[in-house]
Amino acid sequence: MNVALAKTGSSRAVSDLFASAEGRLPGSPAISAARRQAFETYERLGLPHRRIEEWKYTDLRALVGEVLPLAAAPDASALSKAADAVKAHAIAGACRLVLVDGVFAADLSDVKAIVAGVNLKTLRETLEKDAGDILATDSTDAVISLNAAMATDGVVLEIAGGAQLSAPVQIIHVATAASASAFTRSQVRIGKGARATIIESFVSAGAKAYLVNDAVIVSIGDDADVAHIRLMDDAPDAVNITSQFVTVGANTKVNFFNMTTGGAVSRLQGFITFAGEGSDLSINGVNLLKKTEHGDLTLVVDHAVPNCTSREIFRAVIDDRAHSVFQGRIIVRPDAQKTDGKMMTRALLLSDEAEADNKPELEIFADDVSCGHGATAGALDDTLLFYLRARGLPEKDAQALLIQAFVGEAIEQIADDDLRAHVVGVAERWLERRS
C-alpha cells in the first residue's frame, strides 16, 4: 500500500508562511538553503508550549496561536507614520537607526552622524555578501529558528577597539503594519577597550495586533565598558519575542537594563556567556503590566571562566489580571572558581487577580564560589499608604510614590544621568495611564 502524508490546514498555513515570504528574504542560494533548514526546524517543533520547561509560564501556542504573515515593505505612508513615532521616542543626543516593519529606513536614520570608529551595515547588505554565519541558530529553540528563517533586515554595527562613543546609539523598531509580523536580526561587535551605550526601543505607529520577532547578537571585547538599555512599549495587543546572545570578554564591564510597559504578550530571553576573566555584569529589569498583559524575562548567565561577577535585580509591578514571569539561571562551570553571582526578583501585586511567577535557579559545578538568589511577592504596604494619605495625598498618588520607590533600585543602576531620567519618565507616564 502506498501511504501519502497529508498536511492539515494548520500545517499548510505554517508552510505558506515561509513560501509566501521567501522571495523577499535577502541572501545568496546558500543562505536561502540555511533559511529553509531553520524553518523546517520551526515547522517540526511549532510554537513553544507549557510542556517545554523553559516556556512553562509563557505558552505561545495558547497565548499567540499562530504566526502572522510577513509585513509588507513600508511605503511612503508607513514611513511618514514612523517618522512621527521616532520623534516621540527618540532620545536627545542619540544617533538613531530606525527599522520600520522589519526594514532599515535610511531616510529616518542618522546615517551621516555615525562617528569615526563605528562601521554600520544592514543585515540585508551583509547577507547579500554571503555572510551566513549571522543566521547561525540554536535548533532546540523554535522561536530562534523562526527568526533565522524569516529575518528581513537589521543593523550590523562594528565599534572599533579603543573607540569612546560620546553619544548613545539608539535602534528604534517601529511597527506600522497591522496583523503582520516583523522579523529582525542585528549584530553588534564592540572592540577591545571600547566604551559604548546601545539603546533599543520598540514602539507602535498606530499599528495593532502585530508580532515582533527580534534577535540581537552582541560580542564584547576585553577591557570594554558597555551599557545596553532596552525599552519595550509596543501596542497593547502586540506580541514581542526578543532573543539576545551576549559574549563578554575579559576585564569588561557590562550594564544591561530592560523595561517593559506594553504588549499583550512579551518575552525577552537573554543568553550571556563570560568568555574572559575579571568581568563584571549587571542586569536590571522592570515589568510594568496592567489589564491582561503578559511579560516574561528569561535570563541564562553562564560563568564559563573564573573570577567574574554578576548581579541581577528584577522588579515587577502587576495590576488588574496581568501576569509577570521571571526565570533566571546562573550556571557556574567546573573551572569557574571565584565566581560571584547573585540574583533577586521582587513582584508587587496591585490586584487580587494579578499573577507573578518567579523561578530563580543555580547550577553550580565549582566549589569556591559565592552565589545566591531570592524571590518575593506581595502587595503595597497598608501602613505606608495610610501614612501618605494622612498627609493629604490621594490614594493613586500615594500608590505612585510607593511604586516609584519599589522600581527605583533597578532603575538607579543606569549610570548615565540623562538616560536614567528618561527611563524614570517612561515609568511615570505608565503610572499616569494607570490612574
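In the predicted model, ten strands assemble into an open sheet of mixed pairing, ordered 2-1-5-7-9-11-13-15-17-19. Strand 2 (103–104) and strand 19 (370–378) are the edge strands of this ten-stranded sheet, each pairing on one side only. Within the sheet, six bridges connect strand 1 to strand 5 in the parallel sense, and L99 has H173 of strand 5 as its bridge partner.

Two helices are associated with the strands of this sheet. Helix 8 lies across strand 11, strand 13, strand 15 and strand 17 (340–349), and runs at about 155 degrees to strand 15. Helix 9 (residues 417–434) also packs on the sheet, where strand 7, strand 9, strand 11, strand 13 and strand 15 are touched. The direction of helix 9 makes about 20 degrees with that of strand 9.

A salt bridge also connects helix 8 with strand 15. R315 in strand 15 (residues 309–318) and E409 in helix 8 (residues 395–411) are 94 residues apart, and the pair thus links distant parts of the chain. The closest N and O atoms of R315 and E409 are 2.4 Å apart. In the whole structure, 17 salt bridges are found.

A further open sheet contains nine strands in the order 3-4-6-8-10-12-14-16-18, again with mixed pairing. Strand 3 (118–122) and strand 18 (355–364) stand at its edges; each has a single partner strand, so one side of each is left without a neighbour in the sheet. On average, and with direction ignored, neighbouring strands of the nine-stranded sheet are turned by 10 degrees against each other. Strand 12 (residues 265–274) and strand 14 (residues 294–303) run parallel and are joined by ten bridges, with V265 standing opposite H294 of strand 14. Helix 6 (residues 142–150) packs on this sheet and touches strand 6 (181–190), strand 8 (211–220), strand 10 (239–248) and strand 12. The directions of helix 6 and strand 6 make an angle of about 90 degrees.

Internal space was then examined. A search of the whole structure identifies four cavities of 30 Å³ or more. The largest cavity has a volume of about 190 Å³ and is lined by 22 residues, of which V218, H228, V246, V254 and F256 lie nearest its centre. Two or more lining residues are given by each of strand 6, strand 7 (195–204), strand 8, strand 9 (225–233), strand 10, strand 11 (253–260), strand 12 and strand 13 (280–289). The lining of the largest cavity comprises 18 nonpolar, three polar and one charged residues.

The second largest cavity holds about 140 Å³ of space. Its lining consists of 19 residues, and D101, V174, A175, A182 and V212 are those nearest the centre. The elements that give two or more residues to this lining are strand 1 (95–100), strand 5 (169–175), strand 6 and strand 8. Strand 6 contributes the most, with four residues. By class, the lining of the second largest cavity divides into 13 nonpolar, four polar and two charged residues.

Note on methods
Residues are numbered from 1 along each chain as its sequence is written. This is a predicted model: local features need pLDDT of at least 70, side-chain atom pairs count only at pLDDT 80 or more; totals for chains, interfaces and linings use all residues. Side-chain values use heavy atoms; hydrogens and water are left out. Two strands pair if DSSP finds at least two bridges between them. Axes are lines fitted to C-alpha atoms, for helices over the stretch in contact, and angles run from 0 to 180 degrees between N-to-C directions. Contact means heavy atoms within 4.5 Å. On a 1 Å grid over the protein atoms alone, a cavity is a set of points where a 1.4 Å probe fits but cannot get out, and a pocket is an open set with protein on both sides within 12 Å along at least five of seven lines; lining residues have an atom within 4 Å of a point. Grid points are joined across faces, edges and corners, and a volume is the space filled by probe spheres set on the points. Ala, Val, Leu, Ile, Met, Phe, Trp, Tyr, Cys and Pro count as nonpolar, Asp, Glu, Lys and Arg as charged, and the others, Gly among them, as polar. A salt bridge is a side-chain nitrogen of Lys or Arg within 4 Å of a carboxyl oxygen of Asp or Glu.
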